[in-house]
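The following exercises concern helix packing, charged side-chain pairs and unusual backbone geometry. Please examine the sequence and the structure before reading each solution.

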Amino acid sequence: MTTEHPNSPQGYKTPVGILGVGHFVPEEILTNAELAKFVDTTDEWIVSRTGIRARRRATPEQATSDLAIEAGRRALEASGTRAEDIDLIIVATMTPDCPMPATSSIVQYKLGAARAAGFDLNIACSGFVYALITGAQFVASGTFRRVLVIGADCMTRLMNWKDRSTCVLFGDGAGAVVLGPVAAGYGIVGIHAGVNGAGGPSLTVNAGGSRLPSWSVGLDPADFYLKMEGPEVFRFAVSVMGEAALKALDNGGLTPEQVALFIPHQANARIIEASRKRLNLPPARVFSNVENYGNTSCGSVPLALSEALEQNRIQDGDLIVLVGFGGGLSWASAAIRWGGLQDS
Ligand code: UT7
């Protein structure tokens, strides 16, 4: 029989919350001034149109799993969870180490999560929030007690460094959370997700899959790079970000006035500002670190959450809202009542 918990999304038998958070970014900082040395752009253009001042870039030896593992390790430590107690690992990424094995398998082995199941989830930049609400289902149903959800991407691997309309926007990074049961009234209190496939062509990586395998005759290196109709994606993002937040809140019977901290996907400061206005939130109740990292795709939301915690921007009992959006076109959101941690 399903037990009703106040403010748990419909169907949650057990309330599910975040027990610990961690993040990891590569060391190399690529500033706007450095980019301007090899692509026709300026610091002034990038800052005024996007709010981005720098991004991180993985070394040639570093792959997505390397970032994911370190972020995962830090989340485990923050939550006091041993790797061998993890039941499931979900890695959200659009830049897996390789098509097979899944990045989650590599993470499982290298973390020593001996009895964990694992899979990758790809829905572009919305991936982490999708993975969060997917992982939560396993805890909510009582199937698993500890789920490690990681969002990680090496977006610089998909950049065409001659395309100024995309290469200035993205960076590499990873963030992770450990999910588990929490006290009634805490944890994930509202969720929402969607896809509009008609908009898919506006944000693509065309080659390297089954339609255009990497060995196809006549491929251009540019076919492997990310391509984007910037203004089209911008319009989509501005409309979807606030709406997705409102729908997650509504799912939990909540309103924006109750939100202590809004943590949106870090793609562009102008998109974040537009959604802040849509939700009618004061600037102090919105978190942004896009300035330092650019758009790290699946890493973006958990990296922002992790830094928000480091900066003491979230207290027990606070209502926070996470929103991701991206290729697909896709979006996902989660409203979370922070805290409610229990023993064991
Ligand atoms: O997670 C994935 C989601 N992706 C996003 O959220 C991105 C959404 N889109 C955006 O953030 C914005 O559309 C961009 C930041 C990509 C572009 O800003 P915009 O204000 O929409 O500029 P635009 O694309 O309309 O371009 C305006 C001008 C163009 O020049 P002309 O045609 O007016 O002469 C571009 O060629 O800016 C030029 N431009 C640049 N100039 C200097 C484009 N990129 C650059 C650049 N440096 N890096």
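## Exercise 1: A salt bridge in helix H8

Arg 276 is buried, with a relative accessible area of 14%. The model considered here is a predicted one.

**Task.** Determine which residue's side chain meets that of Arg 276 in a salt bridge, and where the two residues lie.

**Solution.**
1. The partner is Glu 273, with a separation of 2.8 Å from N to O.
2. Both residues belong to helix H8, which spans residues 269-279. Glu 273 and Arg 276 are 3 residues apart, about one turn of the helix.
3. Glu 273 has a relative accessible area of 30% and is therefore partly exposed. Arg 276, at 14%, falls under the 20% limit and so counts as buried.

## Exercise 2: Further salt bridges

**Task.** State how many salt bridges a search of the whole structure finds, and describe the pairs Glu 70 with Arg 74 and Asp 85 with Arg 82.

**Solution.**
1. The search of the whole structure yields 12 salt bridges.
2. In one of them, the side chains of Glu 70 and Arg 74 meet at 3.2 Å, N to O. These two residues lie in helix H3, 4 residues apart, about one turn of the helix.
3. Glu 70 is partly exposed at 21% relative accessibility, and Arg 74 is partly exposed at 36%.
4. For Asp 85 and Arg 82, the closest N and O atoms are 3.0 Å apart. Asp 85 has a relative accessible area of 26% and is partly exposed; Arg 82, with 48%, is also partly exposed.

## Exercise 3: The packing of H3 against H4

**Task.** Describe how helix H3 (residues 64-79) packs with helix H4 (residues 103-111), and classify the residues in contact.

**Solution.**
1. Two packed helices are described by the angle between their axes and by the distance between those axes.
2. For H3 and H4 the angle is about 50°, and the axes are 10 Å apart.
3. H3 is therefore oblique to H4.
4. The handedness of the crossing of H3 and H4 is right-handed.
5. On the H3 side, the contact involves Ser 65, Asp 66, Ala 68, Ile 69, Arg 73 and Leu 76. On the H4 side, Thr 103, Ile 106, Val 107, Lys 110 and Leu 111 take part.
6. Sorted by class, the contact of H3 with H4 comprises 6 nonpolar, 2 polar and 3 charged residues.

## Exercise 4: Cis peptide bonds

**Task.** Identify what kind of peptide bond joins Met 100 and Pro 101 and what kind joins Gly 328 and Leu 329, and place each in the structure.

**Solution.**
1. The bond between Met 100 and Pro 101 is cis, with omega about 0°. Pro 101 occurs in the loop between strand S4 (88-92) and H4.
2. The bond between Gly 328 and Leu 329 is cis, with omega about -10°. Leu 329 is placed in the loop between strand S12 (319-326) and strand S13 (330-337).

## Exercise 5: Positive phi angles

**Task.** For Ala 124 and Asn 312, give the phi angle and decide whether each residue is buried or exposed.

**Solution.**
1. Ala 124, although not a glycine, has a positive phi of about 50°. Ala 124 lies in the loop between strand S5 (117-121) and helix H5 (127-140).
2. With a relative accessible area of 11%, Ala 124 is buried.
3. Asn 312, likewise not a glycine, has a positive phi of about 55°. Asn 312 sits in the loop between helix H10 (300-310) and S12.
4. At 57% relative accessibility, Asn 312 counts as exposed.

Technical notes:
Residues numbered from 1 in each chain as written. Predicted model: local features only at pLDDT ≥ 70, side-chain atom pairs only at ≥ 80, totals over all residues. Heavy atoms only, no water. Axes fitted to C-alpha atoms, helices over the stretch in contact; angles between N-to-C directions. Parallel < 35°, antiparallel > 145°, perpendicular 65-115°, else oblique. Left-handed = near helix turned anticlockwise from the far one by under 90°. Contact = heavy atoms within 4.5 Å. Nonpolar A, V, L, I, M, F, W, Y, C, P; charged D, E, K, R; others polar. Salt bridge = Lys/Arg side-chain N within 4 Å of Asp/Glu carboxyl O. Buried < 20%, exposed > 50% of the residue type's maximum accessible area, 1.4 Å probe, protein only.
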